[in-house]
Each structure stands twice: as C-alpha cells, then as structure tokens.
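Here is a short tour to read with the model open beside you. We start with confidence, then go from the core out to the surface.

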Amino acid sequence: PPKLPREICARVQEGRHKSHPRVRARALDGPPKLPRASMEVSLVLKDVRLGHRGRYVVAVECTEGEGTHRAFVSDQSAQSSSPTWAFPGVCLDARDGHCQVRLSFYCDSPLASDHRALLERGQPVCSCGFTLLEADLSAIAFASQLRSLPLFAPQARAPVGAPEAAAGWQDLGMVTVALGVAAPGAYEALVPIQQLPAPPSEHASWTPQEMLTRLRGIGQTKKEEVRSLAAQLERMQRALSVLERQHGGLLGERAGRLEASAGCERKLRALTEPDFTDLDAELLMSLPGGVTEVGSMFLGAEARWRRARDAVISQWEEFQKLRQGTELTRQLTKRLQEMEAVRLEQRTVLSKARERCDELEEAREALRHRERMIKGLESRVQEVASRRASEGPPAEAELVLSKERAARDELREAAAQLELRDARRQRRTLEAESRGEAPPLGREELLRALNEQNALVLRLLDDIESLQLGARAGRRRGGEAEALRMARGRAEGEA
C-alpha cells in the first residue's frame, strides 16, 4: 500500500522476489559462469562531470593478469564541463580472470592528436581506477553494473581546515561507468601502446585540387592583409599631414606671440624708462606740483643707477675671483707639465746609468776571470817546476809546452778584445765629457787594474815558455832549479 513506509515496502518486495522459485534456484546454484574464452567485459562512460570547462580526451588503460598493458585513447571532445565522446565504449579482455582498469582525463592538451605521445608524455588533470576480480566478472555475467568513481587530482597546497589524509589531493568531479558482457564487434578494442594510431599527416592526405584551393585562400588572405596594411599606411600619412599642418600653424602662432611680447617689452620700457627731454622737463615743471614730480623722477633714476652700479661691481668682483682661480689652475697645469718633463729626464738618466752599470759589471767579470787565470798559471808554473825537478821525459814537456802556448794565444786574444773594449769605453767617456756629463765612477781604476793583470799574465807566460825551452835544451838540474827559483821570485814580486 502507498501509505506504508518506503523501507517496509522495499523489504516486502525483496521478500517476494526471493520467494520466487526461479530466484531461489539461482541463489542456490550461484551466478552462471561464462566460458573463459568468451569473458570480454564492456566499459561504457555513462556520465562524466568535471570541475571546469575544457576540451577533454579520455584514455582507458587496462593491465591484464599476465602484465599485458593495453590502452584506448578517444578523440578530443567539445568545450564542456560534462564532455561526451562518439565511441560507444571499450572492450576489456578478462580471460585471465582479473584485470586493472585506469581512466585518465586530459584537458586542452597539445598532444591530443598523437595518442601515443599523449600517454607517454602527457599529464592528466585527473584519473581514477578499479580492479575487476573473478567475483566481479561472475556478477557482471549475471547482470550489468553501474559504478560511480570519484576523480581526484594532486594539489600543491592543502585547503585550510582539510584533514591530513586529503592534504595532497583535490576532488574534481565524478564519472559513472557501466560494466557488462561485451557483444562481439560492438565496442572499441584495446591495443598495445606501441600500436596506437599515429597522428594523421595533413599534407599527405591533400589532393592537388585541395592544395590549389588552400594556396588560393592563403593568397587571398595575404592580399587582404596587404590591403589593410596599405590602408593603415594611408591613414598614417594623412595623420602625418595633419600634424605637419598643425606644426606649421603652431610655429606661426609662436612667431606672432614673440613679436607681440617684444612690442609689450618696448612699451613697458617706454613707460618705466622714458626718454626725458628739455621740453618734457619744462612741461612737467609748469604743471602744478611738477617740481616735486620731477624731483621724484630724478630720485628714482638715481636709485636705478645705484642698483645698476652695485650689480656691475658685484659682477666685477665675481670676475676677479674667477680670474684668480683660472690663474691658479694655469700655474698648476704648468707645474704638472714641468714635473712630467723632469720625469722623462729622470727616466733617460736612469737608463744611461743602467747601461754604465752593465758595462762596469762586464769589466768586473773580466777582471775576476783574469785573476782566476793568473792563479791557474801560477799553479802551472809550480807544476812545471816540480816536473823539472823530477826529470820528466822530453815528450811530456813538449805536450805541456803546446798546452801552455795555446793558453797564451787565448790570453793574448782576450787581451786584444779588452783593449778594443777599453778604446770603446774611452771614446764614450770623451763623448760624455764633451756633453758635460760626469764619467762613470771607478772606470779608470778598473782599467788600470785590468792592464796590470794582463801584463802580469803575459810575463808569466814568457817565464813558463823560457823554462820549458830550457828543459828541452837539456840544461843542468842546478841551473834549471836556480832559474826556476828566480822566475818564481820574480812572479811573486810582480804579483
């Protein structure tokens, strides 16, 4: 009866339905099971409600029990928050007993035409998923099912007051799907991702007539753009002409105003500083109170003259101050130029002094070399004397004589080079004295020491040669020893 509560009516109808003999038999036997080879489930999108409007693409992905991954991607829908698509549904292969289904929604994606790239690189705005088990498949074989799935998307920040569990997600809408037994060929099949259709090439499908039509359309569009650009340029030219005319009018108005201002200035000067003649003075004095007025005029002129004089005096004082500053600046500039010239002169003198120091260093090095040679010669004299004392063979004395002659030739060549250097230095010294420059310090003493060392070297070489010649001629040992002692004494005295 309609007056009974709805819960009681529902229980009564449920009891009547269960008391039917066919229903009891089905409940006892369980839902009918389909053969495993024919278990294909259809998935139909009944209602989709999303949070905002857009052009959506839905992707259905299914992972079967063996790990096979298949997918289907729809075309882009019209602009709507409750999008619909032209495909009737998809067919899920559940022959392995269970599968996992995932629905992803893409909004205004630039990869909508490339289904494979959309799945690999696209970012869905929201998604949902569910799993079909064997019990679900048995129930679907008995009767179709409707499932409502919420759509969630990650969010950067949680809303204020939201629980911690929902801090990273936001609810964007709901999708209702219908699951049932799929009729052969009535629904879209899922294919592997690698076999998804590639985006169609627009240019490849054009016929020559279409291409010609498109080219004509492009040419017409370009012509219209050129016409609009020409019209815009013409409008700009007109605006420029108007601006030029306005500019000419403003220039004429400016010239007129300048002339009027000059006339007003002349009138003001005539009123404030009039040309005062004798006739003007007589007329003013003949009028009643004219004498007083003339006196006031003269007093005013005197006051103006005093102000002008004070202004001229103040300007003259400023000019004097500026002149002093200019003179000081000029002196500073002159001093800077003098300092720069002195600096250049110091650089020149310093470079010359460095050259002289280098020459003196070379002379000192030559003097040290001569001292080392003298010491070597003295040691050789002693060695020759010792050999003569031990009566060495004449062949060895001949070898020593040839070595000493070679050393003497080298020393004479070095002495000649030193003399050339000395002559060059003397010439430079004379040139420096002629220019009024001071000769380098210590040069004469150094040259004198070099000459003495050269003379001593030559004398030592002559003594060594005479001693070796005496040994070669076979003089007696007593005379040789005496000559050797005399040569050594002479060398020591000269050293």
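What is the mean pLDDT of the protein? The mean is 77, and 72% of the residues reach 70 or more. Here pLDDT is the predictor's confidence in each residue, on a scale from 0 to 100.

## How to read the model

This is a predicted model, in which local features need pLDDT of at least 70 and side-chain atom pairs count only at pLDDT 80 or more, while totals for chains, interfaces and linings use all residues. Residues are numbered from 1 along each chain as its sequence is written, and side-chain values use heavy atoms, with hydrogens and water left out.

Confidence varies from one element to another. Strand β5 (residues 99-107) has the highest mean pLDDT of the elements, 91, and helix α2 (residues 21-29) the lowest, 45. Helices (H or I, at least four residues) and strands (E, at least two) are DSSP runs, numbered from the N terminus.

Two stretches call for care. Over residues 1-5, pLDDT stays under 50, and the model has two contacts for them beyond four places in sequence. Over residues 11-32, pLDDT also stays under 50, with 10 such contacts. A contact means heavy atoms within 4.5 Å. Where pLDDT is low, the predicted coordinates should not be read in detail.

## The nonpolar core

The largest nonpolar core has 35 residues, and those with the most contacts inside it are Leu-43, Leu-45, Leu-92, Leu-103, Phe-105 and Val-175. At least two residues of this core come from each of β1 (40-49), β2 (56-64), β4 (90-93), β5, β6 (126-132), α4 (134-142), β7 (145-154) and β8 (169-181). Strand β5 gives the largest share, five residues. Apart from this core lies another of 10 residues, among them Val-57, Ala-71, Tyr-106 and Leu-118. A nonpolar core is a set of buried Ala, Val, Leu, Ile, Met, Phe, Trp, Tyr and Cys residues joined through side-chain atoms within 4.5 Å. Buried means under 20% relative accessible area, exposed over 50%, and partly exposed in between (1.4 Å probe, protein chains only).

Leu-103 is a good residue to click on. Leu-103 lies in strand β5 and counts as buried because its relative accessibility is 0%. Beyond its neighbours within four places in sequence, Leu-103 touches Leu-43, Leu-45, Ala-59, Val-60, Cys-126, Ser-127, Cys-128, Val-175 and Val-177. From Leu-103 to Ala-71 the C-alpha atoms are 9.9 Å apart, with their places 32 residues apart in sequence. Leu-92, with the same neighbours left aside, is in contact with residues including Met-39, Val-41, Leu-43, Cys-62, Val-101 and Leu-190.

## Helix α4 and its salt bridge

In α4, Asp-136, Leu-137, Ser-138 and Ile-140 are buried. Their cover includes β1, β6, β7 and β8.

Which residue forms a salt bridge with Asp-136? The partner is Arg-147, with the closest N and O atoms 3.6 Å apart. This pair links distant parts of the chain, 11 residues apart, with Asp-136 in helix α4 and Arg-147 in strand β7. Arg-147 counts as buried because its relative accessibility is 19%. A salt bridge is a side-chain nitrogen of Lys or Arg within 4 Å of a carboxyl oxygen of Asp or Glu, and a search of the whole structure finds 11 of them.

## Salt bridges along helix α7

Arg-330 and Glu-327 meet in a salt bridge (3.5 Å, N to O). They are separated by about one helical turn because they are three residues apart in helix α7 (residues 290-389). Arg-330 is exposed, at 52% relative accessible area, whereas Glu-327 is partly exposed, at 37%.

Helix α7 also holds Arg-364 and Glu-361, three residues or about one turn apart. Their salt bridge has its closest N and O atoms 4.0 Å apart. Arg-364 is partly exposed, at 36% relative accessible area, and Glu-361 is partly exposed at 43%. An α-helix has 3.6 residues a turn, so residues three or four places apart point the same way.

## A loop residue to notice

Asp-108 lies in the loop between β5 and α3 (115-121). Its phi is near 50°, a positive value in a residue other than glycine. Most residues other than glycine have a negative phi. Asp-108 counts as partly exposed because its relative accessibility is 42%.
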